[in-house]
Amino acid sequence: MKMQAIDPRFGRPADIFGHLELLMTQLDAPPTERTAKLKAASTAKKARKLVEEATEVALDAVADNPEGLIAESVDLLYHLAVLWHDRGITPGDVRAEMARRIAVLGIAEKLPKKGPAKKLLKHKTPPATPCALYRKGDRIGPVSLSTAFG
């Protein structure tokens, strides 16, 4: 398979958001049968694939396998882009949230659970997703993670 050049409209090749934006435009007319099949799958199936890839990333990190870690990271980003596309989220939306956190915290880290920064970063309207509304241990809302994806 021939490698596709990076479209200059979507940033430098080293710009991960540029790569994700290009990938998401390709999802509108999937270039391969495999991607078309994944795009047509349920949101739950896409979420399961994302979790699977995240697990593989973690396992390769613990196993000190840099080549596997790199390869699985690309797979993880691919499946994340497919899930974003499914839910109508763009890399620009994520980039904006990262910028918002950097403006308040100085780094785009995980949101604080308490303290003054939490109040500054609080969204004006509550998020509609169960995991953003309630997460504790291995549960998302009233559903355990092991059964959340059917």
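Read from start to end, this protein runs α-α-α-α-α-α-α-β-β-β-α. That makes eight helices and three strands, and what you see is a predicted model. Welcome to the tour, which spends most of its time on the helices α1, α3 and α4.

**The whole protein**

- The protein has 150 residues, and buried residues make up 24% of them.
- About 10700 Å² of the protein is exposed, with carbon and sulfur atoms supplying 63% of that area.
- Take the contacts between residues at least 6 apart in sequence: 43% of them join residues at least 24 apart.

**How far to trust the model**

- The average pLDDT is 77, and 65% of the residues score at least 70.
- Residues 125-136 stay under a pLDDT of 50, and the model gives this stretch 10 contacts beyond four places in sequence.
- Residues 138-145 also have a pLDDT below 50, with 13 contacts in the model beyond near neighbours in sequence.
- Where pLDDT is low, the predicted coordinates should not be read in detail.

**Helix α1**

- Helix α1 is made of 12 residues, and the distance from its first C-alpha to its last is 17 Å, close to the 16 Å expected at 1.5 Å a residue.
- Its buried residues are Phe-17, Gly-18, Leu-20, Glu-21, Leu-22, Leu-23, Met-24 and Leu-27.
- These buried residues of α1 pack against α2, α4 and α5.

**Helix α3 and its two sides**

- Helix α3 covers residues 43-62, and at 1.5 Å a residue its 20 residues should span 28 Å; the end C-alpha atoms are 29 Å apart, which agrees.
- Which residues of α3 are buried? They are Lys-46, Ala-47, Lys-49, Leu-50, Glu-53, Val-57 and Asp-60.
- These buried residues take up an arc of only 160° around the axis, so they sit on the same side of α3.
- A general point about helices helps here: an α-helix has 3.6 residues a turn, so residues three or four places apart point the same way.
- The buried residues of α3 have α2 (33-40) and α4 (66-87) as their packing partners.
- Leu-59 and Val-62 are exposed on the other side of α3.

**Three residues of α3 in close-up**

- Lys-46, a residue of helix α3, has a relative accessible area of 3%, which means that it is buried.
- Leaving aside residues up to four places away in sequence, Lys-46 touches Leu-38, Lys-39, Ala-41, Val-82, Leu-83 and Asp-86.
- A polar atom of the Lys-46 side chain lies 2.8 Å from the backbone oxygen of Lys-39.
- Lys-49 belongs to helix α3 too, and its relative accessibility of 18% means that it counts as buried.
- With residues up to four places away in sequence set aside, Lys-49 touches Leu-38 and His-79.
- Is Leu-59 of α3 buried or exposed? Its relative accessibility is 56%, so Leu-59 counts as exposed.
- From C-alpha to C-alpha, Leu-59 and Glu-72 are 9.7 Å apart in space, and they are 13 residues apart in sequence.

**The loop between α3 and α4**

- Asp-64 lies in the loop that links α3 and α4, and its relative accessible area of 65% means that it is exposed.
- Where does the backbone take a positive phi just after α3? This happens at Asp-64, with a phi of about 55°.
- Most residues other than glycine have a negative phi.
- Asp-64 is a residue other than glycine, yet its phi is positive.

**Helix α4**

- Helix α4 has 22 residues, which should span 32 Å at 1.5 Å a residue; its end C-alpha atoms are 31 Å apart, so the two values agree.
- Buried in α4 are Gly-68, Glu-72, Tyr-78, His-79, Ala-81, Val-82, Leu-83 and Trp-84.
- Which helices do the buried residues of α4 pack against? They pack against α1 (16-27), α2, α3 and α5 (91-105).
- Just after α4, Gly-88 has a positive phi of about 75°.

How values were computed:
Residues are numbered from 1 along each chain as its sequence is written. This is a predicted model: local features need pLDDT of at least 70, side-chain atom pairs count only at pLDDT 80 or more; totals for chains, interfaces and linings use all residues. Side-chain values use heavy atoms; hydrogens and water are left out. Helices (H or I, at least four residues) and strands (E, at least two) are DSSP runs, numbered from the N terminus. The expected span of a helix is 1.5 Å times one less than its number of residues. Buried means under 20% relative accessible area, exposed over 50%, partly exposed in between (1.4 Å probe, protein chains only). The arc is that of the directions from the helix axis to the C-beta atoms. Contact means heavy atoms within 4.5 Å. A polar contact is a pair of N or O atoms within 3.5 Å; within protein, one must be able to donate a hydrogen and the other to accept it, and residues adjacent in sequence count only if both atoms are side-chain atoms. Accessible areas come from the Shrake-Rupley method with a 1.4 Å probe; for residues, only the protein chains shown count as cover. pLDDT is the predictor's confidence in each residue, from 0 to 100.
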